[in-house]
Amino acid sequence: MRYTAAHWGAYAFDESTGLQPLADDPAPSRIGRGWLSATTNKRSRVLSPVIRKGWLEGDRGAARSSDDFVRVTWDEAVRRVAEELARVRTAHGNGAIFAGSYGWSSAGRFHHAQGQLRRFLNCFGGFVGSRDTYSHAAAEVLFPYILGMSQRQLQDNVTSIEEVAEHCELLLAFGGISGRTAQITASGASYHEIPDWLGRLSAGGTRLVSVSPQRSDFSSAEWVSVRPGTDTALMLALTHEIVVSGRENRAFLKRCTSGWPQFRAYLTGETDAVAKSADWAAPTCDVSADRIRTLAHELAGKRSMIAVAWGLQRADHGEQPIWAALALASVLGQIGQPGTGFSFGYGSTSPVGRPTRLVPWPSLPQGRNPVGDFIPVARLADMLAHARTDYHYDGETRTYPDIRLVYWVGGNPFHHHQDLRRLDSAWTRPDTIVVHEHAWTASARRADIVLPATTPLERDDIMMNRRDPRLIYMSQILSPIGEAQHDYEIFRRIARQLGFEDQFTEGREVDDWLRQLWACATEVAARHGFGLPDFDRFRDEGVFAVPDAEEHRRLMRDFVDDPERAPLATESGRITLYNETISGFGLDDCPGHPTWLPPVESLLDAPDGALHLISGQPDTRLHAQNDLGSEALNDKIGGREPALMHPATASARGLAEGDVVRLSNVRGACLAGLRLSENIRPDCIALATGAWFDPQIVGGEWLEVHGNPNVLTIDKGCSELSQGNIAHTALVCVEAWDEPLPALSIDRPPRILEGPG
Ligand SMILES: Nc1nc2c(c(=O)[nH]1)N[C@H]1C(S)=C(S)[C@@H](COP(=O)(O)OP(=O)(O)OC[C@H]3O[C@@H](n4cnc5c(=O)[nH]c(N)nc54)[C@H](O)[C@@H]3O)O[C@H]1N2
Ligand SMILES: Nc1nc2c(c(=O)[nH]1)N[C@H]1C(S)=C(S)[C@@H](COP(=O)(O)OP(=O)(O)OC[C@H]3O[C@@H](n4cnc5c(=O)[nH]c(N)nc54)[C@H](O)[C@@H]3O)O[C@H]1N2
Ligand SMILES: [Mo]
C-alpha cells in the first residue's frame with residue numbers, strides 16, 4: 001500500500017481501489033474525489049515548457065493573456081529564465097523581482113513550492129516578498145495590538161473544541177462553523193473531526209446560534225440572518241444592551257482590559273451622541289431590536305462563547321468585527337474560563353481548536369532574503385500599477401517597488417485576487433512573468449514563461465504538519481505527466497546556469513533531502529519525548545501516528561488567572577478595547593476602538609434590486625485547484641459555477657433553478673448557473689470562488705463566461721492598517737442570460753506553436 005496526502009485529506013493508494021481516504025478519517029472530504037481526474041486531465045495540464053510568442057519577439061507584456069505560446073525545450077526554457085533573472089538583477093537590482101508568490105501550493109514539506117522559490121531566490125540575492133495572507137490579513141495585523149499575540153499564536157491557543165462541547169451553554173457563531181471549510185488543513189489533513197464535533201454539540205444541549213447570511217454555514221444552529229457587512233453594529237448593540245442592563249463583568253473589564261472607559265463612551269454615545277443600542281442597530285443589521293436584546297440577555301446569563309469565522313474580516317473594515325467580538329466577549333468577562341470567551345476560525349479550517357499537541361516539524365531551510373522589501377499581500381495590483389508611489393500599512397508609510405520580473409509558483413493570483421480586470425491591466429506592467437504550474441490556470445495563461453511542474457501524485461514527499469495527528473510518507477503514484485519536472489529540479493537547473501547550483505542543492509538529491517528532513521524531525525520528536533521509526537521503515541509503512549497527542553487549550557487562561565504575572569504583549573499588558581497606538585496612527589478607516597463604519601459598498605445604500613455577493617470557499621475543490629476534476633465539474637450547471645439564490649428572489653425576477661444568469665456590476669460581469677435555496681437571505685447571492693477565470697468578448701461585451709466571482713469583487717484594502725482583501729464586500733445585479741451559451745475556453749490549453757528546436 002502506498003500513501004499520499006493533500007490539504008483536504010490523506011489517502012491510501014493501490015491500483016485496484018485508487019485513492020481511498022484513510023480508513024479512520026471520520027469525515028473524509030469530497031474534494032479528494034476530484035483529485036485524480038483533475039491531475040490526469042491532459043487538456044488542462046501544462047505538458048511542456050513554453051514561452052509566450054510576443055515575449056520572444058520583444059513585447060514586454062501588452063499581449064499577455066491573449067497571445068500564443070511557443071513550445072521550447074527544457075534547456076532553452078532554463079537558459080531564458082536564467083538570462084532574464086540576470087538581466088533584471090544587473091539593470092534594476094533584486095528589489096525589482098517580485099516573488100511574493102502567494103498561494104496554497106500542495107501538501108508535502110520538501111516540495112512546498114514557495115519554500116523552493118524562496119530558497120532559490122535567496123541564493124540569487126533576494127526578492128520583494130509579501131506579508132500576511134488572503135485568509136486573515138486583518139486579524140494578522142490587528143491581533144498583536146489588541147491581544148498581544150499573532151494570529152498564528154491565537155490559532156494555536158484557541159480554546160479546545162472539546163472544552164466548548166463540555167462547558168459552553170451558548171455558542172454564538174458569527175459566520176457559522178461549517179463542515180464545508182473544515183474539509184481543509186493547510187499542509188495536509190489526515191483527520192476531519194469538525195462535523196462530528198458539531199453533531200455532539202447539538203446533541204449535548206449547547207445552544208447554538210449562527211449569525212450569518214447563510215443558514216448552511218451552521219445548519220444545526222438557530223439562524224440569525226444578518227445583513228452581510230453589518231456584524232460590527234450587531235456586536236456593538238449586544239454589548240450596549242449588556243452594559244445598559246448593568247450586566248457587564250466589571251471585575252473582568254478592570255483586571256483584564258484597558259481602554260474600557262473610551263470604548264464605553266463610544267458605545268453609550270457620549271462621544272458621538274449615538275447610543276449603539278439594539279434600536280440603533282436593528283435597521284442596519286436587519287435583526288429585530290427585540291431579538292438583539294433577548295440574545296444579549298441570554299449571553300450574559302449563560303456560559304457563552306463568541307466565535308468568529310475568518311470570512312467576516314475578509315471585508316471592508318474587516319478589523320472591526322473581530323475587535324468588536326473581542327469587546328463583546330470582554331464585557332461578558334468569560335475569556336479564559338472553560339469552553340467560553342472568544343475564538344476565531346473554528347471550522348474555517350479543520351484543526352482550529354483541535355486538542356492535539358503541536359510539534360514544530362522542520363521544513364526546507366530557505367536562507368535569508370537580503371532585500372527585505374515586501375507588500376501587504378493583497379496590494380498586488382496596486383504595486384504593479386503604481387510603482388514608486390506611497391501607501392500606508394500597519395502604521396507605516398511605505399513605497400511600492402518598481403517590479404520588472406514576477407516569479408510565481410504554487411499560487412494563482414487570477415484566482416485569488418479581487419477585481420481581476422484591474423489585475424489583468426496591472427499585470428501588463430512587468431517585463432517578464434515566470435510561472436511554474438501543473439495546470440493551465442488563468443495565471444499560467446498570463447505568463448511569459450510557463451514551466452510544467454509535477455503534482456504531489458508524481459513525486460515522493462513527507463506530509464509533516466504541526467497541526468495534524470499523523471505524519472505521512474507521500475509515495476509517488478503516477479509518472480510525471482508530459483515533461484513535468486519537480487520545482488526543485490527546475491530551480492536546480494536554473495541555479496546551475498547561474499552558477500549557484502551547489503549552494504541551492506547542497507549536493508543533495510530529493511531522497512537525500514527527505515532523509516535529512518526526517519533526521520531533523522527525529523530530533524524534534526525526541527525533544528517532545530517520543531521516537532520516530534527510521535526513514536526506511538517510515539517510507540515502507542507510510543503512516544506514523546503522533547503518540548499521546550491530546551493537549552487541551554484555553555485561550556488566555558494564564559493571563560486571566562493572573563494578569564500581573566502573565567501579561568499580554570500589548571501596550572497595556574491587557575486586552576486593549578481602546579488602543580493608543582492604533583489611535584495614534586490617525587486612520588479614519590481604523591480608529592482606536594471597535595467602531596461601526598459603513599462598508600464601501602453594501603445593501604444599506606444599494607441601487608434597486610442589487611444583491612450582496614458572498615464569494616466564500618467552494619465545497620467541491622480547494623480554491624481553483626481541481627476545478628477541472630470530476631467533483632467540481634459534476635456540480636456545475638450548464639458548465640457554469642453554481643450560484644445560490646433564495647427562491648423568492650428568483651421568482652421575482654422570473655428565474656428558475658438551472659437557469660444561467662448574468663451577474664454584473666461596474667467592475668465586470670460573469671455567468672453562473674442558478675441553484676435555489678431558502679438557506680440564503682433573499683438579498684444575497686452566493687457564488688463560490690475558484691471557477692477558472694474565462695473572460696471573453698461576447699456580443700461585443702466583456703464577459704467572464706464560467707462563474708468567477710473575482711471579476712465582481714473590489715480591490716481595496718480593509719483599511720490602511722491591515723490592507724487585507726475585502727472579497728466579501730460587493731454588490732451585484734443579477735438577470736437572466738437569454739443569449740446562446742458561450743463555449744468555455746478554459747477546458748483546453750492555449751494555442752501552442754511548435755518551436756524551432
Ligand atoms: N472572492 C474571493 N476571493 C478569494 C477568497 C474569497 O473568500 N473570496 N479567498 C481568498 C483566500 S482565503 C485564499 S487562501 C486564496 C487562495 O488562492 P490560491 O492559493 O492562489 O489558490 P489555489 O487555487 O489553491 O492556487 C494554488 C496553485 O498552485 C498550484 N500548485 C499546487 N502545487 C504546486 C506545486 O507543487 N508546484 C507548483 N509550481 N504549483 C503548484 C496549483 O495548481 C494552483 O494553481 O484565495 C483568496 N481569494
Ligand atoms: N472546501 C473548502 N474549504 C476551504 C477552502 C476551500 O477552498 N475549499 N479554503 C480554505 C481557506 S484558504 C480559508 S482562508 C478558509 C476560509 O474560511 P472562512 O473564511 O470561514 O470561509 P468563507 O466561506 O469565506 O466564509 C464563511 C462564511 O461567512 C459568511 N459571511 C460572509 N460575509 C459575512 C458577513 O458579513 N457576516 C457574517 N456573519 N457572515 C458572513 C458566508 O456566508 C460564508 O459562508 O477556508 C478553508 N477551507
Ligand atoms: Mo485562505
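In this predicted model, a backbone N or O atom of Gly311 lies 2.7 Å from an oxygen atom of ligand 2, and this pair of atoms is a convenient place to begin looking at the surroundings of that ligand. There are 32 residues around ligand 2, and those that come nearest are Asp217, Gly229, Asp231, Gly311 and Arg314. Arg314 takes part through its side chain, where a polar atom lies 2.6 Å from an oxygen atom of ligand 2, whereas Gly311 approaches an oxygen atom of the ligand with a backbone atom. Gln214 can be added to this picture, since a polar atom in the side chain of Gln214 is found 3.0 Å from an oxygen atom of ligand 2.

Asp231, one of the residues that come nearest to ligand 2, also leads the reader to a helix, for helix H9 covers residues 231–244. Helix H9 packs with helix H12, which covers residues 278–285, at an angle of about 160°, and the axes of the two helices are 9 Å apart. How do H9 and H12 run with respect to each other, roughly parallel or roughly antiparallel? Angles over 145 degrees count as roughly antiparallel, and H9 and H12 are therefore described in that way. Their crossing is left-handed. On the side of H9, the contact is made by Ala233, Leu234, Leu236, Ala237 and Glu241, while H12 contributes Ala278, Trp280, Ala281, Thr284 and Cys285. Sorted by class, the residues in this contact of H9 with H12 are eight nonpolar, one polar and one charged.

Helix H12 has a further partner in helix H13, which is made up of residues 289–301; these two helices pack at an angle of about 120°, with 8 Å between their axes. That angle makes H12 oblique to H13. The crossing of H12 and H13 is right-handed, whereas that of H9 and H12 is left-handed. From H12, the residues Ala278, Asp279, Ala281 and Ala282 make the contact, and from H13 they are Ala289, Ile292 and Arg293. Five of the residues in the contact of H12 with H13 are nonpolar, none is polar and two are charged.

The remaining pairing in this group is that of H9 with H13, and here the helices pack at an angle of about 65°, with their axes 9 Å apart. H9 passes H13 in a right-handed crossing. H9 makes this contact through Leu234, Ala237, Leu238, Glu241 and Ile242, and H13 makes it through Ile292, Arg293, Leu295, Ala296, Leu299 and Ala300. Which classes of residue are found in the contact of H9 with H13? The contact holds nine nonpolar and two charged residues, with no polar ones.

Returning to H12, its residue Cys285, which belongs to the contact with H9, also touches Ser225. Ser225 has its place in strand S10, which covers residues 222–225. When residues up to four places away in sequence are not counted, Ser225 touches Ser212, Cys285, Asp286, Val287 and Arg681. As a guide to distances across the model, the C-alpha atoms of Ser225 and Ala624 are separated by 29 Å, and the two residues are 399 residues apart along the chain.

The other ligand, ligand 1, likewise has 32 residues around it, of which Ser106, His416, Glu437, Asp487 and Ser615 come nearest. An N or O atom in the side chain of Glu437 is 2.5 Å from an oxygen atom of ligand 1, and in the side chain of His415 such an atom is 3.2 Å from an oxygen atom of the ligand. With Asp487, the ligand atom concerned is a nitrogen, which is 2.7 Å from an N or O atom in the side chain of that residue.

A last stop is Arg508, which lies in the loop between helix H20 (501–505) and helix H21 (510–527). The side chains of Arg508 and Glu506 are joined by a polar contact of 3.0 Å. Once its neighbours within four places in sequence are left aside, Arg508 is in contact with Tyr488, Arg492, Trp513 and Gln516. Between the C-alpha atoms of Arg508 and Arg357, which are 151 residues apart along the chain, the separation is 32 Å.

Terms used:
Residues are numbered from 1 along each chain as its sequence is written. Chains are lettered from A and ligands numbered from 1 in the order in which they are written. This is a predicted model: local features need pLDDT of at least 70, side-chain atom pairs count only at pLDDT 80 or more; totals for chains, interfaces and linings use all residues. Side-chain values use heavy atoms; hydrogens and water are left out. Axes are lines fitted to C-alpha atoms, for helices over the stretch in contact, and angles run from 0 to 180 degrees between N-to-C directions. Helices (H or I, at least four residues) and strands (E, at least two) are DSSP runs, numbered from the N terminus. Angles under 35 degrees count as roughly parallel, over 145 as roughly antiparallel, 65 to 115 as roughly perpendicular and the rest as oblique. A crossing is left-handed if the near helix is turned anticlockwise from the far one by less than a right angle, and right-handed if clockwise. Contact means heavy atoms within 4.5 Å. Ala, Val, Leu, Ile, Met, Phe, Trp, Tyr, Cys and Pro count as nonpolar, Asp, Glu, Lys and Arg as charged, and the others, Gly among them, as polar. A residue is near a molecule or strand if one of its heavy atoms lies within 4 Å of it. A polar contact is a pair of N or O atoms within 3.5 Å; within protein, one must be able to donate a hydrogen and the other to accept it, and residues adjacent in sequence count only if both atoms are side-chain atoms.
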